[in-house]
Amino acid sequence: MNDDELSFEQQAWLVINAIPYGRVASYGDIARLAGHPNAARQIGRILSKLPEQSKLPWHRVIGQQGTLSLSGERLLCQQEALRSEGVIINERGRVCMKKYRWQP
DNA sequence: GGCATGACATTAG
DNA sequence: TCTAATGCCATGC
């Protein structure tokens, strides 16, 4: 870990933290913005270790097609949080990426 | 340094 | 639309 450069994990936090209210971003986008176009999996791994105390809007991080890759309690929590921000979720549990996708 | 893991992406059928 | 298979990359042991 260099002091000059943040680790991928740190970069991911910054990117996710930069997602504005009522918007969503895909794992691939986060990874790309963090400097690794194909490191989407690491985003998921990082978030899985993310403590609930973290202020990161992890619920705004979804799949490329607006799909939620989580399951069970976390999935419900995420959907609830997104709807609370005005994001509409389809019956299939998907989000309209064309409307809500965060484009920097 | 190598192997296994993971909240994915993409392609093909 | 869904499932299966493959590739990619950082992290932990």
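Here is a short chat about helix α3, the core and DNA strand B in a predicted model.

Student: Before we start, what are the ground rules for this predicted model?

Tutor: Local features need pLDDT of at least 70, side-chain atom pairs count only at pLDDT 80 or more, and totals for chains, interfaces and linings use all residues. Residues are numbered from 1 along each chain as its sequence is written, chains are lettered from A and ligands numbered from 1 in the order written, and side-chain values use heavy atoms, without hydrogens or water.

Student: OK, which residues of α3 are buried?

Tutor: I43, I46 and L47, in a helix that runs over residues 40-49. Buried means under 20% relative accessible area and exposed over 50%, with partly exposed in between (1.4 Å probe, protein chains only). Helices are DSSP runs of H or I, at least four residues, and strands are runs of E, at least two, numbered from the N terminus.

Student: Why are they on the same side of α3?

Tutor: Because they cover an arc of only 95° around the axis, taking directions from the helix axis to the C-beta atoms. On the other side, R41 and K49 are exposed.

Student: Switching to DNA strand B: which residues come nearest?

Tutor: Y27, R41, Q42, W58 and S69, out of 15 around the strand; near means a heavy atom within 4 Å.

Student: And which element gives the most to that surface?

Tutor: α3, with seven residues.

Student: How far is R74 from a base nitrogen?

Tutor: A polar side-chain atom of R74 lies 3.3 Å from a base nitrogen of DNA strand B.

Terms used. Polar contact = N/O pair within 3.5 Å; in protein donor to acceptor, adjacent residues only side chain to side chain.
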